[in-house]
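Biologist: Could you teach me how to read the packing of a helix? I have the viewer open.

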Amino acid sequence: MEEQRVLFKPGEQRKFFNRAISDLNCISLRGILQFGLEVKYNSLKNYYTERRLLPKSFFEDLCYLAKINPASLKVKYINGNWGQVKGGKVNKKKR
């Protein structure tokens, strides 16, 4: 099964990252990578611009490092396959 994802309200995911960056005393988004998180910088940029949802494990690690209480944030946990189309079901053409 896919890992759960964290769904923020629009604009809140970027605010979360900005708060984590300031709490960790990082200069920029790239500074988060110095803490040994197993995330590529391109993925990190996609998370910051809210193109992709955060994986739950990465979210919890970032909350732990920045000493942010995850219960204080208004987030929903959804399945990893949320929003995906089931293959072959939608685009069947009738002949």
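Biologist: Which elements do the buried residues of H1 pack against?

Modeller: They pack against strand S1 (5-7), helix H2 (41-48), strand S2 (54-55) and helix H3 (56-66). Contact is heavy atoms within 4.5 Å; helices (H or I, at least four residues) and strands (E, at least two) are DSSP runs numbered from the N terminus. This is a predicted model, where local features need pLDDT of at least 70, side-chain atom pairs count only at pLDDT 80 or more, and totals for chains, interfaces and linings use all residues. Residues are numbered from 1 along each chain as its sequence is written, and side-chain values use heavy atoms, without hydrogens and water.

Biologist: Which residues of H1 are buried?

Modeller: First the general idea: an α-helix has 3.6 residues a turn, so residues three or four places apart point the same way. Here, Gln13, Phe16, Phe17, Ala20 and Ile21 are buried (under 20% relative accessible area, 1.4 Å probe, protein chains only). Because they cover an arc of only 135° around the axis (taken from the directions from the axis to the C-beta atoms), they lie on the same side of H1.

Biologist: What does Phe16 touch?

Modeller: Leaving out residues up to four places away in sequence, Phe16 touches Phe8, Leu54, Phe59, Leu62, Cys63, Ile68 and Leu73.

Biologist: And how is the sheet ordered?

Modeller: Three strands form an open, antiparallel sheet in the order S2-S1-S3, pairing being at least two DSSP bridges between two strands. S2 and strand S3 (76-78) are at the edges with a single partner strand each, so one side of each has no neighbour in the sheet. Val6 has Tyr77 of S3 as its bridge partner.

Definitions and conventions. Buried < 20%, exposed > 50% of the residue type's maximum accessible area, 1.4 Å probe, protein only.
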